Amino acid sequence: MQRILQPGEIESLDHTSFPRVLLPNTSSLFLDRAQRIRQLADGNPIADYLLFIANLVQAQHKAAQGLQVAAPDAAAIAQAQQFSSPLLPAADHLDPIWHQVLDGMLGQLASADGLPEALQPLIAELQRCNTDDRNALAKRLLTKELAARDVGLAPFVMAALQVVFATRASQLRLTDIPFTDPATICPVCATEPVAGVVRIGGKMAGHRYLHCGCCATEWHMVRIKCSHCESTKGVRYQGLEGGKDVVLAETCTECGSYRKMVNQEKDPLAEPLADDLASLMLDLLMSEQTAFARASGNPLLFVAVAEPQAADADGTVPDLH
């Protein structure tokens, strides 16, 4: 009688196989991201906002160094693996240490050179908020129930949460990570990916990973497959005319959504969250000239985007390719 191999056992038979999951390295994650954002700010239509975010991410780097976050217990890991569910859904696992992280980041930003004066009242408001109000705001943010009055505060809160969730993810073992169903959400914190990334180097070369916008975990998904509905039909790519195709919109006619694909083969320095954030022009053109809706937003950008309009009758999109 033949035994049927379980997920994970098949990969273990092939020692040349590529990794299923890439866990974040918080010693360099935020530093590399800040440097990439500054690079992309040069000549960018939203350069001022990108430079603000670069300062915010720099504060994340400082906050992450030496941070200790409680790891999940064996029972939680076993349950997640048994039911193929994410290990620590973000909205249900707020570690109280995130308040300490937020306070440290706000203090650093308040005294930072070049921070827009208009942001100081937002920093002061968050510093005055009590723990309960902050937790309520964080949960609204993580469950996509953010109110209009919260938009200005959201990047600061999300940045602090990212530090905590990425630190916790970095402390996991690969064997702790369940095979999730659906495979379109992060297997660690259940958050949607901010973008896909085609990686270079070693066994990862040429493979597409989805990058979690919350904890920065990456998990493999085959290319030419919709990262929102998992369909293999009607997947196409569009980019800006004259662009270098470092960032493309991966569209799906089955679900009518798109998510960006960041390609390190085109630019080795490309970073999923940074390049997604800096390519807002592609989002604007997608919303104006196509019927595709963005599958999930960037966790450090909260803006009202115009409703998508249908593409031309012949299917052409003038400023996209």
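This report walks through helix packing, salt bridges, backbone details and a surface patch in a predicted model.

## How the helices pack

Two packed helices are described by the angle between their axes and the distance between the axes. A good place to start is helix α5, residues 97-110, which packs with helix α3, residues 47-64. The angle here is about 130°, and the axes are 9 Å apart. α3 and α5 are therefore oblique to each other, and α3 passes α5 in a right-handed crossing.

Helix α5 also meets helix α8, which covers residues 154-170. Their axes come within 9 Å and cross at roughly 125°, so α5 and α8 count as oblique, since that angle falls outside the ranges for roughly parallel, perpendicular or antiparallel. The crossing of α5 past α8 is right-handed.

## Salt bridges that reach across the chain

How many salt bridges does a search of the whole structure find? The count is 14. One of them joins the side chains of R33 and E271, with N to O at 3.0 Å. This pair links distant parts of the chain: R33 belongs to helix α2 (residues 29-41), while E271 sits in the loop between β7 (257-263) and α9 (272-278), 238 residues apart. Are these two partners buried or exposed? R33 is buried, because its relative accessible area is 2%, and E271 is buried as well, with 10%.

Helix α2 and the loop between β7 and α9 are also linked by a salt bridge between D267 and R36, where the N to O distance is 3.1 Å. D267 lies in that loop and R36 in the helix, 231 residues apart along the chain. Both D267 and R36 are buried.

## K144, a residue to look at twice

Find K144 in the loop between α7 (131-142) and α8. K144 forms a salt bridge with E192, and their closest N and O atoms are 2.1 Å apart. E192 is in the loop between α8 and β2, which puts the two partners 48 residues apart. K144 is exposed because its relative accessible area, 60%, is over the 50% cut-off. E192, at 21%, counts as partly exposed.

Salt bridges also form a network elsewhere: shared partners join K260, D276, D283 and R294 into one group.

## Backbone details

Most residues other than glycine have a negative phi, and most peptide bonds are trans. K144 stands out here too, with a positive phi of about 60° although it is not a glycine. Another example is A216, whose phi is near 70°. A216 is found in the loop between β3 (208-212) and β4 (218-220). While K144 is exposed, A216 is buried, because its relative accessible area of 8% is under the 20% cut-off.

Which two residues does a cis peptide bond join? They are D181 and P182, with omega at about 5°. P182 is located in the loop between α8 and β2 (193-198).

## A nonpolar patch on the surface

Finally, turn to the surface, where L240, M281 and L284 make a nonpolar patch of about 220 Å². L240 comes from the loop between β5 (235-238) and β6 (247-252). With a relative accessible area of 31%, L240 is partly exposed, so it passes the patch requirement of over 30%.

How values were computed. Residues are numbered from 1 along each chain as its sequence is written. This is a predicted model: local features need pLDDT of at least 70, side-chain atom pairs count only at pLDDT 80 or more; totals for chains, interfaces and linings use all residues. Side-chain values use heavy atoms; hydrogens and water are left out. Patches are made of residues with over 30% relative accessible area and no salt bridge: like charges are joined within 9 Å, nonpolar side chains (Val, Leu, Ile, Met, Phe, Trp, Tyr) within 5 Å. Accessible areas come from the Shrake-Rupley method with a 1.4 Å probe; for residues, only the protein chains shown count as cover. A salt bridge is a side-chain nitrogen of Lys or Arg within 4 Å of a carboxyl oxygen of Asp or Glu. Helices (H or I, at least four residues) and strands (E, at least two) are DSSP runs, numbered from the N terminus. Buried means under 20% relative accessible area, exposed over 50%, partly exposed in between (1.4 Å probe, protein chains only). Axes are lines fitted to C-alpha atoms, for helices over the stretch in contact, and angles run from 0 to 180 degrees between N-to-C directions. Angles under 35 degrees count as roughly parallel, over 145 as roughly antiparallel, 65 to 115 as roughly perpendicular and the rest as oblique. A crossing is left-handed if the near helix is turned anticlockwise from the far one by less than a right angle, and right-handed if clockwise.
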